[in-house]
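Here's a quick tour for anyone opening this one up for the first time. Have the sequence and the 3D view handy, and we'll go piece by piece.

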Amino acid sequence: MSSASTHIGKVSLSLESGPRMWVFRDGKRPVSTALLHERLNQEISSGGSAFKVLLRAGELEAALDDAEHGSDSWQVTALTDRAAFALVHHGDNTAFHATPIPRPSSGSRAPAEVSVGTPEGFAFYLLHPLAFRELARQVHPAGAPAAVIGIRSIGAVLSAVVGATLNAERITVRPLGHPYERSVAFSPDQEAWIRGQLARSAHFYVVDEGPGFSGSSLLSTGEALERAGVPLGRISILCTAQADPARLVTPNAAARWQRFRFYTTQPYLPSAVGPENARWYGPEHWRQRTYGLDESLWPGVWRQVENPKFLARDDHRLYRFIGYAHYGSPVLERYQRLAAAGFGPQAGGENEGFAEFWMEGGSAFTTPKWNQNIHQFVVRYLAERIRLCPAEAADAERGLTGIARMMHYNTQDLSGRAYEAQLRTEYPVYADNRMMPHKFMRTPYGMRKLDGAAHGDDHFFPGPCDIAWDIAGVIVEWELSETACGQLLRDYSGRSGDMHIRLRLRDWMIAYLAFRAGYCLMGGHANRQSAEGDRLLRDATRYHQLLLKAMSFSAPCSYAAPPP
């Protein structure tokens with residue numbers, strides 16, 4: 001198989017279609033402004049660390065600025081700066097002491113609700129703000145004035161850290177437009193601020209995580225500074241990843257990228273996963289342990305979006321990054337509930353963003369050989385997950401629009417006709433979203449479900465959704481026959497009380513397949529011209545075959561087994 005394309009009937013499947021796929025969801029959600037103030041003040045009143053206060057304050061600051069109510073956020077911005085200063089100069093475990101900030105007064109124009117997203121670096125990719133302190137110290141000329149521009153949302157926190165490091169003033173911006181063609185426009189006040197910084201011969205630092213698939217947010221902010229009169233030689237971009245400009249999908253990416261100076265952070269690791277205590281546990285390690293040395297058997301992995309994992313030197317403890325502070329605590333709670341119910345491995349307490357798992361021994365499944373023991377475990381797991389990992393019904397309902405749009409665009413591209421879904425949510429959950437056989441393990445204590453808490457609420461689809469997403473995942477990943485599928489639905493219904501699963505399943509099945517095919521194509525594009533890209537194209541081909549079959553049948557199980 002070529003890593004370029006494969007053909008199914010009259011439909012050509014190509015990694016070049018990867019950037020067109022919809023796989024990232026808009027994880028923003030409406031939150032009460034008063035509630036965000038209350039959570040921030042609780043962190044302050046409880047003697048929370050500077051680090052935890054910084055994350056809360058930066059979140060609220062970014063939300064108010066996105067709502068164009070910066071005039072109401074000056075106290076929050078000042079608190080973000082104070083917490084960043086304490087973190088930069090005294091360390092992340094420093095207790096932070098401050099007076100709680102008042103809520104907006106009744107005469108304030110601050111909105112009752114704001115839109116809040118999840119900063120991916122803090123929640124998924126092991127980005128510690130102090131990594132930007134170290135980078136700023138390395139690249140900034142000693143004694144020179146500095147000015148900092150953070151790209152929201154995460155840029156509120158990161159710009160405050162760089163500002164505290166360099167004793168610099170800062171602003172934040174929100175690039176707008178298509179994800180691959182963002183643009184930045186400074187407000188009149190920001191333009192005046194830039195002129196003032198130019199007058200003092202400041203070096204300008206654009207600060208954000210990334211670049212992502214396009215790099216357009218970073219590029220558009222640098223270009224906006226240039227249009228505002230900042231000489232190119234006084235603009236530096238601080239980010240977290242070294243990009244290959246030829247792979248960025250924004251227009252003229254390579255030529256634009258090479259005009260700027262880019263500097264990237266290094267990992268800032270807690271001692272528990274430092275080199276003296278643990279070693280990196282990447283995709284090649286767990287696949288070799290599970291499947292052996294024959295790489296043709298390995299499932300494809302979109303390496304750039306894998307959650308960081310480390311294996312302790314004793315080979316028994318696995319550390320998985322689950323997110324810092326309040327971003328990681330809900331994930332840990334789900335892991336611990338699953339463990340207490342006998343489904344998952346024991347999960348130790350949060351350790352500087354990591355959950356600690358004890359490796360019980362045993363082996364993961366490498367082939368989808370369904371039997372009665374697996375059937376009974378999975379039925380119980382699906383039924384109990386409704387109780388153990390519930391989502392708010394309003395959150396799940398809100399997410400249906402995004403999932404339906406993903407289905408529309410992906411099926412249009414993958415099949416030539418858009419599928420218009422009639423999705424319903426009756427049992428809202430945070431999905432497992434990893435129902436592949438290698439995510440189930442035989443242990444001396446019975447079967448265990450691995451990796452069951454982190455992927456249902458990350459920055460990919462589905463987000464909070466109906467339990468039917470995971471049921472579709474079982475049918476697809478275990479390649480269930482029509483008979484096995486029917487038995488699964490009957491026994492699940494009997495155990496859970498979900499009598500309407502068959503009526504909902506077809507659309508959720510198509511949603512699952514449209515996402516998985518798109519995910520593998522986009523990941524394959526990011527790893528094209530490599531063995532990983534080949535594996536991801538192979539996996540995308542399988543999901544694509546099943547998607548075409550699912551779209552041509554109406555019964556919930558008639559398309560369950562793979563085509564001959």
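## Helix H6 and what follows

Let's start where helix H6 ends: the next residue is asparagine 167, which has a positive phi near 55°. Keep in mind throughout that this is a predicted model.

H6 itself is made of 12 residues and spans 16 Å from first C-alpha to last, close to the 16 Å expected at 1.5 Å a residue. The helix is mostly covered, with 12 of its 12 residues buried. Among those buried residues are Gly155, Leu158, Ser159, Val162 and Thr165.

Just ahead of H6 there's something to look out for. Serine 153 sits in the loop that links strand S5 (146–151) to H6, and the peptide bond joining arginine 152 and serine 153 is cis, with omega about 15°.

## How H6 meets H2

Now bring in helix H2, residues 50–66. The axes of H2 and H6 (residues 155–166) come within 8 Å and cross at roughly 120°. The two helices are therefore oblique to each other.

Which residues do the meeting? On the H2 side they are Leu54, Leu55, Gly58, Glu61 and Ala62, and on the H6 side Ala156, Val157 and Val161. Sorted by class, this contact has 6 nonpolar, 1 polar and 1 charged residues.

## Strands S3 and S4, and a buried histidine

Strand S3 (residues 29–32) pairs with S4 in the antiparallel sense, over 4 bridges. One of the matched pairs is serine 32 with glutamate 113 in S4. Strand S4 (residues 113–116) has two faces: Val114 and Val116 make up the covered one, while Glu113 and Ser115 are on the uncovered one.

Helix H1 covers residues 33–45, and histidine 37 is part of it. Is histidine 37 buried or exposed? Its relative accessible area is 2%, so histidine 37 counts as buried. For a sense of distance, histidine 37 and serine 214 are 177 residues apart in sequence and 34 Å apart in space, C-alpha to C-alpha.

## A three-stranded sheet

Further along the chain, an open sheet of 3 strands runs in the order S15-S17-S18, with antiparallel pairing. Strand S15 (363–364) and strand S18 (446–449) are at the edges with a single partner strand each, so one side of each has no neighbour in the sheet.

Strand S17 (residues 440–443) is joined to S18 by 4 bridges in the antiparallel sense. Here, methionine 441 is opposite arginine 448 in S18. Helix H12 (residues 372–388) lies across both S17 and S18, and runs at about 45° to S18.

## A few backbone oddities

A second spot to check for a cis bond is glycine 210 to proline 211, where omega is about 10°. Proline 211 is in the loop between strand S7 (203–207) and helix H8 (216–227).

Then there are two residues that have a positive phi without being glycine. Alanine 325 has a phi of about 50° and belongs to helix H11 (residues 325–340). With a relative accessible area of 17%, alanine 325 is buried. Asparagine 433 has a phi of about 65° and lies in the loop between strand S16 (428–429) and S17. Asparagine 433 counts as buried too, at 2% relative accessibility.

Key: Residues are numbered from 1 along each chain as its sequence is written. This is a predicted model: local features need pLDDT of at least 70, side-chain atom pairs count only at pLDDT 80 or more; totals for chains, interfaces and linings use all residues. Side-chain values use heavy atoms; hydrogens and water are left out. Axes are lines fitted to C-alpha atoms, for helices over the stretch in contact, and angles run from 0 to 180 degrees between N-to-C directions. Angles under 35 degrees count as roughly parallel, over 145 as roughly antiparallel, 65 to 115 as roughly perpendicular and the rest as oblique. Contact means heavy atoms within 4.5 Å. Ala, Val, Leu, Ile, Met, Phe, Trp, Tyr, Cys and Pro count as nonpolar, Asp, Glu, Lys and Arg as charged, and the others, Gly among them, as polar. The expected span of a helix is 1.5 Å times one less than its number of residues. Buried means under 20% relative accessible area, exposed over 50%, partly exposed in between (1.4 Å probe, protein chains only). Two strands pair if DSSP finds at least two bridges between them.
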